[in-house]
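Here's a quick briefing to read with the model open in your viewer. It goes through the inner spaces, the packing and a few backbone oddities.

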Amino acid sequence: MTDPAARRRLAWAVTGSGHYLEESLDVAARLPDVDLYLSAAAEEVLPMYGRRLDELKGRFRIFRDKTASAVPVGTLYEDVYHTVVIAPATSNTVAKCAFGISDTLPTNMFAQAGKLGIPSIVFACDTEPVVVTRAPHEWVTLRPRRVEFDNVERLRAIDHCLVVTSPAELAAALDERFAALARAWNTSSS
């Protein structure tokens with residue numbers, strides 16, 4: 001593996017969450033060198049929220065969950081990614097990551113990144129007792145269960161993983177990560 005400071009790209013996995021989908025994609029669009037990894041559920045949900053694949057392809061390299069063995073995960077072995085982000089992360093994705101289940105493109109990216117020592121940032125959506133979110137056609141109120149909160153806590157204990165719970169925390173975590181990388185990049189080039 002090469003020097004982590006040589007890694008210049010960010011892998012951003014999108015799940016089937018509509019909650020904070022727009023805000024997450026807005027954060028991703030402000031960053032340099034981002035590749036999007038879409039779960040099959042993300043591909044279903046994106047058009048419901050007015051996001052077209054061809055629009056996203058104009059800004060990002062897109063990898064899709066079209067293979068049984070999550071072939072796009074192999075890009076992690078090319079040593080180009082400094083960070084993996086899952087944003088927004090459904091409670092299903094959080095549970096799978098917390099228990100080591102990797103059967104979607106985002107959960108496979110998370111598992112392999114951890115095994116490679118690549119830091120991950122997971123934006124868990126179900127973290128408050130009451131969540132008001134925009135469904136495709138209306139606003140809904142959700143009340144996450146104890147199991148969702150427990151899975152977020154399990155996820156926090158995983159090596160190389162930072163869990164964030166709001167768009168502001170996501171942006172702050174990425175700012176901090178890029179600042180640390182800039183220090184590493186500057187040190188490696190001197």
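Buried here means under 20% relative accessible area. Keep in mind that this is a predicted model. By that cut-off, Glu-148, Phe-149, Asn-151, Val-152 and Leu-155 are the buried residues to look for in helix H6. Seen down the axis of H6, those buried residues fall within an arc of 160°, so they line one face of the helix.

**Helices H6 and H4**

- The buried residues of H6 pack against H4, helix H5 (105–116), strand S5 (120–124) and strand S8 (161–164).
- H4 is largely enclosed by the rest of the structure, because six of its eight residues are buried.
- Those buried H4 residues are Thr-93, Val-94, Ala-95, Lys-96, Cys-97 and Ala-98.
- On the H4 side, the packing partners of the buried residues are S4, H5, S5 and H6.
- Just after H4 comes Gly-100, with a positive phi of about 75°.

**The cavity**

- If you search the whole structure for cavities of 30 Å³ or more, one turns up.
- The largest cavity holds about 30 Å³ of space.
- Its lining is made of Ser-91, Val-94, Ala-124, Cys-125, Asp-126, Glu-148, Asn-151 and Val-152.
- Helix H4 (91–98) and helix H6 (146–156) each put at least two residues into the lining of this cavity, and H6 gives the most, with three.
- By residue type, the cavity lining splits into four nonpolar, two polar and two charged.

**The pocket**

- The largest pocket comes in at a volume of about 160 Å³.
- It is lined by 14 residues, and the closest to its centre are Ser-17, His-19, Asp-126, Thr-133 and Leu-142.
- H4, strand S6 (131–134) and strand S7 (139–142) each supply at least two residues of the pocket lining.
- The pocket lining breaks down into five nonpolar, seven polar and two charged residues.
- Asp-126 is on the list for the cavity lining and also among the residues closest to the pocket centre.

**Nonpolar cores**

- The largest nonpolar core has 27 residues, and Trp-12, Leu-36, Leu-170 and Leu-174 touch the most other members.
- Elements giving two or more residues to this core are strand S1 (9–14), helix H1 (21–29), strand S2 (34–38), helix H2 (40–48), strand S4 (81–89), S5 and helix H7 (167–189).
- Setting aside neighbours within four places in sequence, Leu-174 is in contact with Leu-10, Trp-12, Val-27, Leu-31, Val-85 and Ile-121.
- There is also a second, separate core of 25 residues, including Val-73, Ile-86, Val-94 and Leu-105.
- Val-94 links a few topics: it belongs to that second core, is one of the buried residues of H4 and helps line the cavity.

**Ser-24 and its surroundings**

- How buried is Ser-24, in terms of relative accessible area? Ser-24, which sits in helix H1, has a relative accessible area of 1%, so it counts as buried.
- Not counting residues up to four places away in sequence, Ser-24 touches Trp-12, Ala-87, Pro-88, Phe-123 and Leu-170.
- The C-alpha atoms of Ser-24 and Ala-171 are separated by 9.0 Å, though these residues are 147 apart along the chain.
- Two of the Ser-24 contacts, Ala-87 and Pro-88, are joined by a cis peptide bond with omega near -5°.
- Pro-88 itself is in strand S4.

**Loops and unusual backbone**

- As background, most residues other than glycine have a negative phi, and most peptide bonds are trans.
- Tyr-20, in the loop between S1 and H1, has a positive phi near 65°.
- With a relative accessible area of 27%, Tyr-20 is partly exposed.
- Asp-79, in the loop between strand S3 (61–64) and S4, also isn't a glycine but has a positive phi of about 65°.
- Unlike the partly exposed Tyr-20, Asp-79 counts as buried at 13% relative accessibility.
- Thr-90 lies in the loop between S4 and H4 and counts as buried at 18% relative accessibility.
- Leaving out residues up to four places away in sequence, Thr-90 touches Thr-15, Gly-16 and Ser-17.

How values were computed: Residues numbered from 1 in each chain as written. Predicted model: local features only at pLDDT ≥ 70, side-chain atom pairs only at ≥ 80, totals over all residues. Heavy atoms only, no water. 1 Å grid on protein atoms, 1.4 Å probe; cavity = no way out; pocket = protein on both sides within 12 Å on 5 of 7 lines; lining within 4 Å. Points joined across faces, edges and corners; volume = space filled by probe spheres on them. Helix = DSSP H or I, 4+ residues; strand = E, 2+ residues; numbered from the N terminus. Nonpolar A, V, L, I, M, F, W, Y, C, P; charged D, E, K, R; others polar. Buried < 20%, exposed > 50% of the residue type's maximum accessible area, 1.4 Å probe, protein only. Arc of directions from axis to C-beta. Contact = heavy atoms within 4.5 Å. Core = buried A, V, L, I, M, F, W, Y, C linked by side-chain atoms within 4.5 Å.
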